[in-house]
Amino acid sequence: MFRAIARIFRTPDLRRKIGFTLGIVALFRLGSFIPSPFVDYANVQSCLAANTGPAGLYELVNLFSGGALLQLSVFALGIMPYITASIIVQLLRVVIPHFETLHKEGQSGQSTLTQYTRYLTIALGVLQSTTLITVARSGTLFGASGAPECQSLITNEAWYAILLMVITMTAGTGLIMWMGELITERGIGNGMSLLIFVSIAATFPAALWSIAVARNFETFLMVIAVGILIMGAVVFVEQSQRRIPVQYAKRMVGRRTYGGNNTYIPIKVNMAGVIPVIFASSLLYLPALVAQFNQPANGELPAPWVTWVQDNLTSGDNPLYMAIYFFLIIGFTYFYVAITFNPEEVADNMKKYGGFIPGIRAGRPTAEYLDYVLTRVTLPGSLYLGLVALIPLIALATVGANQNFPFGGASILIIVGVGLETVKQIDSQLQQRHYEGLLR
């Protein structure tokens, strides 16, 4: 293992790519601590020190920004606008036929879809930065009952100051998107995924330290041990797949013979990745968002539905919240798998090239068989996602951790998934140069 790591740094091309990636990551983390214009840095730090964790509404965005959201930095929005834009463009393939046509056109079509994603990212950056600044001006960024200094986070509320803050945060989102594309082109791994990985990993030390301070050293060691077990289980499930055998018949093209080989279609247990968790979290935050903007004036009682939402849909340790969250994840898993894996398209491609599943006729029976297997494999995958997503909420109720508990939810899924993919890329590049990879 150590010899393999040494070979990485003895290979000039690989060493240059890793160095470039680490340099971009360092710049990304630096931008997370540079405050936006007209932000009272001292008040923000005081609120962060007195706050046990962000309000549920901003929890996911703060996680993906590496804590930059609550610091109102130039990279406050993080990679979240790009993630949202990518998901929207992917979902629009089902609704807009032109997007599906572009997807099938190959490299040129993918370039056009990528350009659409960039434009939509900037538009979402403007929208999200405006919302964030509005919430910061209202004094509810750190909760409705924050300290007095949390009510005055912005030093200048003139229109030009607000406009400059929106432009700065939106430009920060565009710069993050450019950094991610640079890593993909010149570095190691997928740039956007690595930046998300870095953002989440940056919150691990603080989250673990808060557990050690709130409890004791024995609880801290227990959390570490449980975390290692969870990571091992996540790696096992993420690598699990159902392999459907496929045979290709021999065919003559001119004087040459093609086909006649055997392969398989890998159907992963977790084909949806972390997307259902993001969907479910975002949908559950909508009632809290609506309730937050329907707070009554001083001295008045809130509406009954506002009180119900605040009591049941804002706290992660509420049983109703956990149940709704769990079933939303299961539903979104089936929904996302259904729109990303098309059994009829796979069956048509197999039939076109002379492929068939042993014992299954080509065409419609193959599509029905693939749909049958996919539906049953997705069930344990959706249950697995729901259980992993509930780990931070259970830790919130038992260990006293905040909802950013590192060993669970979207954080552990992204950390393990991106880590595995990056190690595989380094391994393949080592095999190209030394005939020995990083892993054996």
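**Local contacts, cores and aromatic pairs in the predicted model**

In this predicted model, a polar atom of the N270 side chain is placed 3.2 Å from the backbone nitrogen of G273. N270 itself belongs to the loop that runs between β4 and α12, and with a relative accessibility of 2% this residue counts as buried, because the cut-off for burial is under 20%. When neighbours within four places in sequence are left aside, the contacts of N270 are with E238, Y384 and L385.

A second loop residue, S36, may be described in similar terms. S36 is located in the loop between α2 (12-31) and α3 (41-50), and its relative accessibility of 3% means that S36 is counted as buried. A polar atom of the S36 side chain lies 3.0 Å from the backbone oxygen of L72, and a distance of 3.0 Å is also found between a polar atom of this side chain and the backbone oxygen of S73. If residues up to four places away in sequence are not counted, S36 touches L72, S73, V74 and M169.

Strand β4, which precedes the loop of N270, is part of an open sheet of 3 strands, in which the order is β4-β1-β5 and the pairing is antiparallel. The edges of this sheet are formed by β4 (262-268) and β5 (355-356), each of which pairs on one side only. The pairing of β1 (residues 241-248) with β5 is antiparallel and extends over 2 bridges; in one of the pairings between residues, Y248 has G355 of β5 as its bridge partner.

Two helices illustrate how burial is distributed along the chain. Helix α9 (residues 191-201) is mostly covered, with 8 of its 11 residues buried, namely G191, M192, L194, L195, I196, V198, S199 and I200. At the start of α9, the backbone nitrogen of M192 is approached by a side-chain oxygen of N190, which reaches to within 3.2 Å. In helix α10 (residues 204-214), the buried residues are F204, A207, L208 and I211. These residues lie on the same side of α10, because the arc that they cover around the axis is only 95 degrees. On the other side of α10, the exposed residues are P205, A206, W209 and V213. The spacing of the buried positions may be read against the general geometry of such elements: an α-helix has 3.6 residues a turn, so residues three or four places apart point the same way.

The largest nonpolar core comprises 73 residues, and within it the residues with the most contacts are V234, V277, Y325 and L413. Helix α16 (residues 364-398) gives the most to this core, contributing 11 residues. For V277, the residues touched, not counting those up to four places away in sequence, are Y325, I329, L385, A389, A410 and L413. Apart from the largest core lies another core, of 20 residues, which includes V44, C47, A76 and I162. In soluble globular proteins, nonpolar side chains tend to be buried together.

Aromatic rings form a further set of contacts, and the structure holds 7 aromatic pairs. In one of these, F279 and F332 have ring centres 5.3 Å apart and planes at 70 degrees, so the pair is classed as edge-to-face. Since F279 lies in helix α12 (residues 275-292) and F332 in helix α14 (residues 319-340), this pair ties together parts that are 53 residues apart in sequence. F279 is buried, its relative accessible area being 13%. Ring pairs also link F279, F332 and Y336 into a cluster.

Another aromatic pair is formed by Y321 and Y325, for which the distance is 6.1 Å centre to centre and the angle between the planes is 40 degrees, a tilted arrangement. Y321 and Y325 are separated by about one helical turn, because they are 4 residues apart in helix α14. Y321 counts as buried at 4% relative accessibility, and Y325 likewise counts as buried, at 7% relative accessibility. Y325 thereby appears in two of the contexts described here, being a partner in the tilted pair with Y321 and one of the residues with the most contacts inside the largest nonpolar core.

Technical notes:
Residues are numbered from 1 along each chain as its sequence is written. This is a predicted model: local features need pLDDT of at least 70, side-chain atom pairs count only at pLDDT 80 or more; totals for chains, interfaces and linings use all residues. Side-chain values use heavy atoms; hydrogens and water are left out. Two strands pair if DSSP finds at least two bridges between them. Buried means under 20% relative accessible area, exposed over 50%, partly exposed in between (1.4 Å probe, protein chains only). The arc is that of the directions from the helix axis to the C-beta atoms. A polar contact is a pair of N or O atoms within 3.5 Å; within protein, one must be able to donate a hydrogen and the other to accept it, and residues adjacent in sequence count only if both atoms are side-chain atoms. A nonpolar core is a set of buried Ala, Val, Leu, Ile, Met, Phe, Trp, Tyr and Cys residues joined through side-chain atoms within 4.5 Å. Contact means heavy atoms within 4.5 Å. Rings of Phe, Tyr and Trp (its six-membered ring) pair if their centres lie within 6.5 Å; planes under 30 degrees apart count as stacked, over 60 as edge-to-face and the rest as tilted.
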